[in-house]
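The following exercises practise the reading of a structural model, one step at a time. Please keep the sequence and the coordinates at hand while working through each solution.

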Amino acid sequence: MELKTLQKEVDEYIGQFKEGYFPPLVNLARLTEEVGELARELNHLYGPKKKKSDEAEGDVALELADILFVLVILANQMDIDLDEAVRRTLRK
C-alpha cells in the first residue's frame, strides 16, 4: 500500500467521528505513548526485563502499526505527503 492510500484511509476513518482529529500536541503525546509501548515490548523480548507470568503476550507488529497510524494522523493534520517526505529522506 502506498502511503498516500494509507493517508486517505486514515483520513476517512477519522472523518467518521464527530470530534475529527485531535490537536497535534495531543497526537504527539499519543505517539510518545505508543513508542513507549513498543519499547516495553522490545525490552521484554530482547532486554533484561522479562514479562511477569501473569502479563499478556504483546504484539510488536501491532505496536509498530499504532505508531504508523499516529504518524499518518500527524502528517494529515499538517498536509504532509508522506510518500514525498520518505523520498526526500531516502535522498539525504
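The exercises below concern a predicted model, and each is followed by a worked solution.

**Exercise 1. Determine which residues of α1 are buried and how they are arranged around the axis.**

Step 1. Establish the extent of the helix. Helix α1 runs over residues 3–15 and has 13 residues. From its first C-alpha to its last it reaches 18 Å, close to the 18 Å expected at 1.5 Å a residue.

Step 2. List the buried positions. In α1 these are Leu6, Gln7, Val10 and Ile14. They cover an arc of only 100° around the axis, and therefore lie on the same side of α1.

Step 3. Turn to the face directed away from that buried side. There α1 carries the exposed residues Lys8 and Gly15.

Step 4. Identify the cover. The buried residues of α1 are covered by elements including α3 (60–77) and α4 (82–91).

**Exercise 2. Classify glutamate 63 as buried or exposed, and name its contacts.**

Step 1. Locate the residue: glutamate 63 belongs to helix α3.

Step 2. Compare its accessibility with the cut-off. Buried means under 20% relative accessible area. Glutamate 63 has 12% relative accessibility, so this residue counts as buried.

Step 3. Set aside neighbours within four places in sequence. Glutamate 63 is then in contact with Glu34, Glu37, Leu38 and Glu41.

**Exercise 3. Determine which residues make the nonpolar surface patch of about 330 Å², and place leucine 45 within its helix.**

Step 1. The patch is made by Leu42, Leu45 and Tyr46.

Step 2. Leucine 45 is part of helix α2, which comprises residues 24–46. Its relative accessibility is 43%, so leucine 45 counts as partly exposed.

**Exercise 4. Characterise the loop between α3 and α4 through aspartate 79 and aspartate 81.**

Step 1. Begin with the backbone. Aspartate 79, in the loop between α3 and α4, has a phi near 55°, a positive value in a residue other than glycine. Aspartate 79 is exposed, with a relative accessible area of 70%.

Step 2. Consider the pairing of charges. Side chains of opposite charge can pair when their charged atoms come close. Aspartate 81 forms a salt bridge with lysine 4, with 3.6 Å between the closest N and O atoms. Because aspartate 81 lies in the loop between α3 and α4 and lysine 4 in helix α1, the pair ties together parts that are 77 residues apart in sequence.

Step 3. Assess the partners. Aspartate 81 is partly exposed at 30% relative accessibility, and lysine 4 is partly exposed with a relative accessible area of 48%.

**Exercise 5. State how many salt bridges the structure holds, and describe the examples within α1 and α4.**

Step 1. The structure holds 4 salt bridges.

Step 2. Examine α1. The side chains of lysine 8 and glutamate 12 form a salt bridge of 2.6 Å, N to O. Both residues lie in helix α1, 4 residues apart, about one turn of the helix. Lysine 8 counts as exposed at 54% relative accessibility, whereas glutamate 12 counts as partly exposed at 47%.

Step 3. Examine α4. Glutamate 84 and arginine 87 form a salt bridge, their closest N and O atoms being 3.3 Å apart. These two residues of helix α4 are 3 residues apart, about one turn of the helix. Glutamate 84 is partly exposed at 29% relative accessibility, and arginine 87 is partly exposed at 42%.

Step 4. Extend the view to the network: salt bridges link Glu84, Arg87 and Arg91.

Conventions. Residues are numbered from 1 along each chain as its sequence is written. This is a predicted model: local features need pLDDT of at least 70, side-chain atom pairs count only at pLDDT 80 or more; totals for chains, interfaces and linings use all residues. Side-chain values use heavy atoms; hydrogens and water are left out. The expected span of a helix is 1.5 Å times one less than its number of residues. Buried means under 20% relative accessible area, exposed over 50%, partly exposed in between (1.4 Å probe, protein chains only). The arc is that of the directions from the helix axis to the C-beta atoms. Contact means heavy atoms within 4.5 Å. Patches are made of residues with over 30% relative accessible area and no salt bridge: like charges are joined within 9 Å, nonpolar side chains (Val, Leu, Ile, Met, Phe, Trp, Tyr) within 5 Å. Accessible areas come from the Shrake-Rupley method with a 1.4 Å probe; for residues, only the protein chains shown count as cover.
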